[in-house]
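Colleague: I'm new to this one, so please take me through it slowly.
Modeller: Sure, let's take it bit by bit.

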Amino acid sequence: MEGVSAVNIRIKFQKTGPLRFISHLDVMRYFQKVIRRAGIDICFSEGFSPHMIMSFAAPLGVGLTSEGEYVDIRVNTAPSSAEALARMNAVMAEGMTALSFRRLPDNSKNAMSIVAAADYEVRFREGREPAAGWERLFADFLAQPQILVRKETKKGVQEADIRPWIHACSVQDGVICMRVSTGSVHNLKPELLMQAFSAWAGAGTAPSPLLVHRVEIYADRGTGGEAEWISLEGLGEEIG
C-alpha cells in the first residue's frame with residue numbers, strides 16, 4: 001500500500017447510546033486514545049508541550065446523539081480510508097463509530113472555522129407528546145416573519161430574531177426535521193427553537209426534555225447571499 005505524506009484528514013463519526021452523556025472534553029481525550037491505539041501517524045505541535053493536531057467541528061451538547069460529527073487531524077502518513085476506519089473502529093467503544101476518513105486539500109480550513117449549519121431531528125419522548133394539532137400550530141409559528149427570543153451571549157442576555165437562522169423546518173411522521181445556523185457566527189440550538197415555540201403556543205405544547213439527534217453539519221459555499229450547503233464530509237475525498 002502506498003502512503004500519503006503530510007496531509008489533512010477529516011474524520012466523520014457517530015455518537016450514540018450511553019456515550020452521548022460524556023462531555024466534549026472527554027470526547028477529545030477519547031479520540032486521542034483511539035488515534036494512538038489505531039496506530040494513526042498523527043502530527044504533533046511543536047514547543048515544550050506538544051499535542052496532537054486535532055480540531056473538532058461544533059461540539060455536541062451532552063445528552064444529544066449524532067451521526068454527523070467531525071474531527072480534523074493532520075498526519076505524517078495515511079493508510080487508505082478503508083484501513084483507517086477498520087483500525088479505528090476496532091478500538092472504539094460501543095456507541096462511537098468512525099464513518100469516513102477523507103483527505104482534505106492542503107489549503108483547507110479546519111472544520112470548526114467553516115461550520116455554518118446543521119441538520120437535526122427532534123422527537124418528543126414517548127408519552128410526552130403534545131396535544132393533537134400541534135403540527136398546524138408549529139407551521140403557523142414558523143410562518144412568522146420574526147421570532148424573538150432572549151439568548152445568552154458573551155455580552156449577557158440579549159434579544160435576538162432567530163427566524164433568519166432557520167433555513168428549513170418540517171414535520172415528518174411526528175419528527176421535527178430542521179436545518180439551522182450553527183457555528184461561531186450564528187448558533188441556534190434546537191432546544192431554544194422548541195422553547196420559543198412552546199412560549200408562543202402555550203404551556204404544554206412542547207414538553208421537555210426532547211430527544212435531539214444531529215444528522216449532518218454543513219459549510220456554506222454560496223455567494224451573493226445565496227446559501228450553497230455542502231456537508232463537511234463532501235469537502236474531502238477517499239484515500240485509495
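**Two helices, then single residues**

Colleague: In helix 2 (residues 81-90), which residues are buried?
Modeller: Buried means under 20% relative accessible area, exposed over 50%, and partly exposed in between (1.4 Å probe, protein chains only). Helices are DSSP runs of H or I with at least four residues, strands are runs of E with at least two, and both are numbered from the N terminus. By that yardstick, the buried ones in helix 2 are S81, A84, L85 and M88.

Colleague: How many degrees around the axis do they cover?
Modeller: The arc is that of the directions from the helix axis to the C-beta atoms. S81, A84, L85 and M88 are on the same side of helix 2, because their arc is only 95 degrees.

Colleague: Which exposed residues does the face turned away from the buried side of helix 2 carry?
Modeller: A quick word on the model before that: it is predicted, so local features need pLDDT of at least 70 and side-chain atom pairs count only at pLDDT 80 or more, while totals for chains, interfaces and linings use all residues. Residues are numbered from 1 along each chain as its sequence is written, and side-chain values use heavy atoms, with hydrogens and water left out. Back on helix 2, the face turned away from its buried side carries the exposed residues A82 and A90.

Colleague: And helix 4 (residues 134-142), how many degrees do its buried residues cover around the axis?
Modeller: The buried residues here are W134, F138, F141 and L142. Their directions put them on the same side of helix 4, because the arc they cover is only 90 degrees.

Colleague: What covers the buried residues of helix 4?
Modeller: We go by contact, meaning heavy atoms within 4.5 Å. The buried side chains to look at belong to W134, F138, F141 and L142. Their cover includes strand 6 (117-124), strand 9 (166-172), strand 10 (175-181) and helix 5.

Colleague: Is E216 buried or exposed?
Modeller: Look for E216 in strand 11 (residues 210-220). Its relative accessibility is 9%, so E216 counts as buried.

Colleague: Which side chain makes a polar contact with the side chain of E216?
Modeller: A polar contact is a pair of N or O atoms within 3.5 Å; within protein, one must be able to donate a hydrogen and the other to accept it, and residues adjacent in sequence count only if both atoms are side-chain atoms. Leaving out residues up to four places away in sequence, E216 touches G68, Y70, A117, A118, D119 and S231, among others. At 2.8 Å, its polar partner is the side chain of K12.

Colleague: G68 just came up. What is its relative accessible area?
Modeller: G68 is found in strand 4. Residues up to four places away aside, it touches K12, F13, R214, V215, E216 and I217. G68 is buried, with a relative accessible area of 0%.

Colleague: How many Å apart in space are G68 and Q14?
Modeller: Along the sequence, 54 residues separate G68 and Q14. In space, going C-alpha to C-alpha, they are apart by 6.0 Å.

Colleague: Now G236: which residues is it in contact with, leaving aside neighbours within four places in sequence?
Modeller: G236 sits in the loop between strand 12 (229-231) and strand 13 (237-238). Its relative accessible area is 13%, so it is buried. S108 is 128 residues away in sequence and 9.4 Å away in space, C-alpha to C-alpha. The contacts of G236 are R102, R103 and L104.

Colleague: What about A58, near what value is its phi?
Modeller: Most residues other than glycine have a negative phi. A58 is in the loop between strand 3 (54-56) and strand 4, and it is buried, with a relative accessible area of 14%. Its phi is positive, near 45 degrees.

Colleague: And D173, is that one buried or exposed?
Modeller: D173 has a positive phi too, about 55 degrees, although it is not a glycine. Its place is the loop between strand 9 and strand 10. With a relative accessible area of 84%, D173 is exposed.
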